[in-house]
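Me: I've got a model open and I'd like some help reading its strands and pockets. Can we walk through it together?

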Amino acid sequence: GSEMCIRDRPYTLQAVNGGGTWAGPGVDPATGEFDPAQANIGLNTISYSIPGACGDVQSITIEVFATPIVTTIVDTTIDVGTSIILTTTGSGGNYSWSPNIWLDCGDCESPEATPEETIVYTVALEENGCISFADVLVTVNYVPAIFVPNIFSPNGDQNNDVLYVRGQGIKTMTFLVYDRWGEKVFESTDKDDGWDGVFRGKKMNPGVFVYYLEGTYLDGSEFTLKGDVTLIR
């Protein structure tokens, strides 16, 4: 016996002795071409009969497997920096996602995606050697936006205690804070790394500081921003 997927191309069976007739689901009686799409899901018994040869009949069994069924979410749009669950259902088998980037799992049924740019994900479902695919286009809304608060209060009340660069779509950045005498009191290259109002181990007194911010967005464009920020306690 042998195995085929229902989507496989027709296959011509070969007989040792010519002049016989083929019979069974999905087989052409004259040519012996077996088309799995015309056969039955499951076991198919195919016979070959040679006329006048004392009723000599040979038979084989071909198992035809159904195509796996896989569906995922419809094309969707998200904002950069947010995530989406690629909710997928299938008839069973092994999943594989391509390209396997910005996903929390490349072989899960329904991974979480956090793409940084517009992307088409393809999921493949393999079962019994048969494969089906489904695609989803995830469009990433990219709206460059940055700002720096003009006041912060590092007094330990868990409210606005740290001066952070705010915004989205930032690829690289340098954030500098100076006191009124022009001395640099803080520097950061990560918007998750903010200033807590401490310089050289000492809490700075309330006052006005000057910041300078420069960097690039994810799309390669550059930005600069400068201004004042007031420290209160």
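Me: Let's start with strand pairing. Which residue in β22 does Ile-170 stand opposite?

Reply: Keep in mind that this is a predicted model. Ile-170 faces Tyr-217 of β22. That contact belongs to a longer run: β18 (residues 170-178) and β22 pair in the antiparallel sense over eight bridges.

Me: Which strand does β22 pair with over 10 bridges?

Reply: That's β23 (residues 222-231), and the sense is antiparallel here too. To find a spot on screen, look for Gly-215, whose bridge partner in β23 is Phe-223.

Me: How many residues sit between β22 and β23 in their hairpin?

Reply: Four, and the turn includes Gly-220, with a positive phi of about 95°.

Me: Now the pockets. How do I read empty space in a model?

Reply: The general idea is to roll a probe the size of a water molecule over the atoms, which shows where empty space is left. In this structure, the largest pocket holds about 250 Å³ of space. It is lined by 13 residues, and the closest to its centre are Asp-179, Trp-181, Met-204, Asn-205 and Phe-209.

Me: Which elements give two or more residues to that lining?

Reply: Two strands do: β21 (202-203) and β22 (207-217). β22 gives the most, with three residues. So the strand that pairs with β18 and β23 also contributes to the pocket wall.

Me: What classes of residue make up the lining of the largest pocket?

Reply: It's a mix: six nonpolar, two polar and five charged residues.

Note on methods. Residues numbered from 1 in each chain as written. Predicted model: local features only at pLDDT ≥ 70, side-chain atom pairs only at ≥ 80, totals over all residues. Heavy atoms only, no water. 1 Å grid on protein atoms, 1.4 Å probe; cavity = no way out; pocket = protein on both sides within 12 Å on 5 of 7 lines; lining within 4 Å. Points joined across faces, edges and corners; volume = space filled by probe spheres on them. Nonpolar A, V, L, I, M, F, W, Y, C, P; charged D, E, K, R; others polar. Pairing = 2+ DSSP bridges.
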